[in-house]
Amino acid sequence: MNRKRLLALSLLLTGLLMAALGPAAPTEEIVLVRIDASVVEAMDSSLRADLTAVAALRSSWLLALPESTVQRLTGAGLRFEILDARTAGQAYFLVRLRGEADWAALQGVGRSVRLEQGTALFWSGDREAREILPAGMRFGRLFLDTALPLERTGEPAQPSKAPVGDDPQIVSLVAQVSKSRLTQTISDLEGFLTRYATTPGCVSAGGYLYDEFAKLGLAVDFDPFVFSGNRSSRNVVATLPGTVFPDRQVIVCGHYDSTSDRPMSLAPGADDNASGTAAVLEIARILASTPLDFTVKFICFSAEEWGLYGSKHYAEQAAASQQDIVGVINMDMIAYPDRHPWRFDIICNENSRELGDHYRANASQYAGLTVNVLTFGSWPYSDHSPFWDRGYEALCVIENEDPENPNYHTTSDTLSTLNLDYAVLAVKASLATVVETARIAGTPAAPAGLIARTQIVRSLYLKTKTVNLHWNAGADDVVGYHVYRSTKSGGPYELLTTSPMEGTEFTDRGLDVSKTYYYVVTALDVQGRESRPSVEVSDKDGTWI
Ligand SMILES: [Zn+2]
């Protein structure tokens, strides 16, 4: 469990404790404040450790604090800005501003504050941004129960993973990605006319996805949730159980709900996000008959377009039951090559950077695709975000960080405007990354540093040879070794160890002095997987003692 997860857990426990104390405890007003990153850096470390943020912007943090803590900050002489002193009953949204027209549109319907370049905070009582802002405006719900640690987000790490050789299993799986099946799924989803989360079309689309997963022989569940008062919708969750560590899971997901300027009647949402949904289904089709070491969950979220409600519900449940999610790959808009054709953006946070680097290496290795890995503190515009908020590693695959599809959230976001050759590349890269993430790292490395020492043992009537071997200890997951011998260089070898031996030394006695012996050693991991043999040594090469 990493620090962030521990933090989320301790907050959860605190919450339960407070709930147990009952209504006798007076509820303090929660104040939304913004603190400059430089002020946070200069802050006394004990004070900083007590605080968590609800969003990490490029140059500042947003915090939801009880009044008493706000007074403490004032007492400490810190500079900060109060964005809203009365947050009870308010729904807050971060909004992307593409220009002054967007800013003006916000003013007309609620309260708003410009936060930094291109980003504003918007709130208007408990009214849903989805219902009062223009359809084409991008926003993400800001959940005030988020608890991000106030850590300085450093410079993005340099890519650490050099691509390795082709993995034959991944190569054969990636070759099965089908453009025609992706096209068919997008066409089927468009056929529901609208998948706006509150419409019967969305209910039907959820039923269709359920059936498609079930046809693959996967266990499928609806994950129903209530949002925005008394509205309800369902995530669709299919499970491919892991064969070795079923408790560890990898999630591949995309939202299937859609919106437009006429959402109740027509919202084809082909790029946003039938494309990502089709990718989830296609990856499920390919993996259904190839169980991996870890469990893979294929999830189609709903009510993303209303502010990530389906994924928030799911991630909250997962964190509350301490589910071990090793990585989340979310795809949202992957079929319209815009400003940077034939390139995708991968949205990461600092905690997910390694997953992003793996994605980049896999995209290049298995799809010949270039991706741009971008790191943000908060980027609440798709379903990976609620997982970030709970300390899970997650990334978002998108055609562009700031999509330029002119049909975005309109009735003309249709299949005919898409390029499925482009989408296929993202599906291949995602599939490769799911497989890589859901497997225990291949076989252990072959033992290195094998050396033979030879000794001639003389007794009155007999002369024999003793060969002593030793080698370097393997990585942490290596639990034992096998030793093999041959009288011919290159084998065939005879196994000398009936069960794996723990040490890194082996003595072979009573050997014929007239023969030369050749040895190799292999390493075994906790699952009993055996490495390739070490470099061969012979007793002739060794030192005589
Ligand atoms: Zn979307």
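Two strands count as paired if DSSP finds at least two bridges between them. Keep that in mind for the first stop, where Arg96 stands opposite Thr119 in β8. One thing to know before you click around: this is a predicted model.

**Stop 1: β6, β7 and β8**

Select residues 92–96, which form strand β6, together with residues 119–123, which form β8. These two run antiparallel and are joined by 5 bridges. Now add residues 111–116, strand β7: β7 is also antiparallel to β8, again with 5 bridges. Put a label on Thr119 and look at what faces it. From β6 there's Arg96, and from β7 there's Glu116.

Zoom in on the turn that links β7 and β8. The two strands make a hairpin with 2 residues between them. Gly118 sits in that turn, with a positive phi of about 75°.

**Zoom out: the whole chain**

Show everything as a cartoon. You're looking at 14 helices and 26 strands. Along the principal axes, the C-alpha atoms fill a box of roughly 105 × 60 × 45 Å. How much of the chain is buried? Of its 545 residues, 45% are. Contacts also reach far along the sequence: among those with a separation of 6 or more, 78% link residues 24 or more positions apart.

**Stop 2: the sheet of 8 strands**

Colour β11 to β18. They build an open sheet with mixed pairing, and walking across it you meet β11-β12-β14-β13-β15-β18-β16-β17. Why do β11 (219–227) and β17 (370–375) have a side without a neighbour in the sheet? They stand at the edges with a single partner strand each, so one side of each is left free of neighbours there. Tilt the view to look for the twist, which averages 25° from one strand to the next.

For a detail inside this sheet, select β16 (residues 343–348) and β18 (residues 394–398). They run antiparallel and are joined by 3 bridges. Ile347 is the residue opposite Cys396 in β18.

**Stop 3: helices lying across that sheet**

Select residues 309–320, helix α11. This helix lies across β11, β12, β13, β14 and β15, and runs at about 110° to β11. Next pick α14, residues 420–437. Which strands does α14 lie across? They are β13, β14, β15, β16, β17 and β18, and α14 runs at about 175° to β15.

**Stop 4: α10 against α14**

Keep α14 on screen and add α10, residues 270–287. Two packed helices are described by the angle between their axes and the distance between the axes. Here the angle is about 50° and the axes are 10 Å apart. That angle makes α10 oblique to α14, and the crossing is right-handed.

Show side chains where the helices meet:

- On α10, pick Ser275, Ala279, Glu282, Ile283 and Ile286.
- On α14, pick Ala423, Ala426, Val427, Ser430, Leu431 and Val434.

Sorted by class, this contact has 8 nonpolar, 2 polar and 1 charged residues.

While you're on α10, look for Asn273, which lies in this helix. The peptide bond between Asp272 and Asn273 is cis, with omega about 0°.

**Stop 5: two loop residues with positive phi**

Most residues other than glycine have a negative phi, and most peptide bonds are trans. Leu308 has a positive phi, near 65°. Find Leu308 in the loop between β14 and α11. Then go to Gln322, in the loop between α11 and β15, where phi is near 50°.

Buried or exposed: which is Leu308? A residue counts as buried with 20 or more other C-beta atoms within 10 Å of its own, and as exposed with 12 or fewer. Leu308 has 27 within 10 Å, so it's buried. Gln322 has 12 C-beta neighbours inside 10 Å, so this residue counts as exposed.

**Last stop: the sheet of 4 strands**

Select β21, β22, β24 and β25. They form an open sheet with antiparallel pairing, in the order β22-β21-β24-β25. β22 (494–495) and β25 (537–538) are at the edges; each has a single partner strand, so one side of each has no neighbour in the sheet. To finish, zoom in on β21 (residues 478–486), which runs antiparallel to β22 and is joined to it by 2 bridges. Label Arg485 and you'll find it opposite Glu494 in β22.

Conventions:
Residues are numbered from 1 along each chain as its sequence is written. This is a predicted model: local features need pLDDT of at least 70, side-chain atom pairs count only at pLDDT 80 or more; totals for chains, interfaces and linings use all residues. Two residues are in contact if their C-beta atoms, placed from the backbone, lie within 7 Å. Axes are lines fitted to C-alpha atoms, for helices over the stretch in contact, and angles run from 0 to 180 degrees between N-to-C directions. Angles under 35 degrees count as roughly parallel, over 145 as roughly antiparallel, 65 to 115 as roughly perpendicular and the rest as oblique. A crossing is left-handed if the near helix is turned anticlockwise from the far one by less than a right angle, and right-handed if clockwise. Ala, Val, Leu, Ile, Met, Phe, Trp, Tyr, Cys and Pro count as nonpolar, Asp, Glu, Lys and Arg as charged, and the others, Gly among them, as polar.
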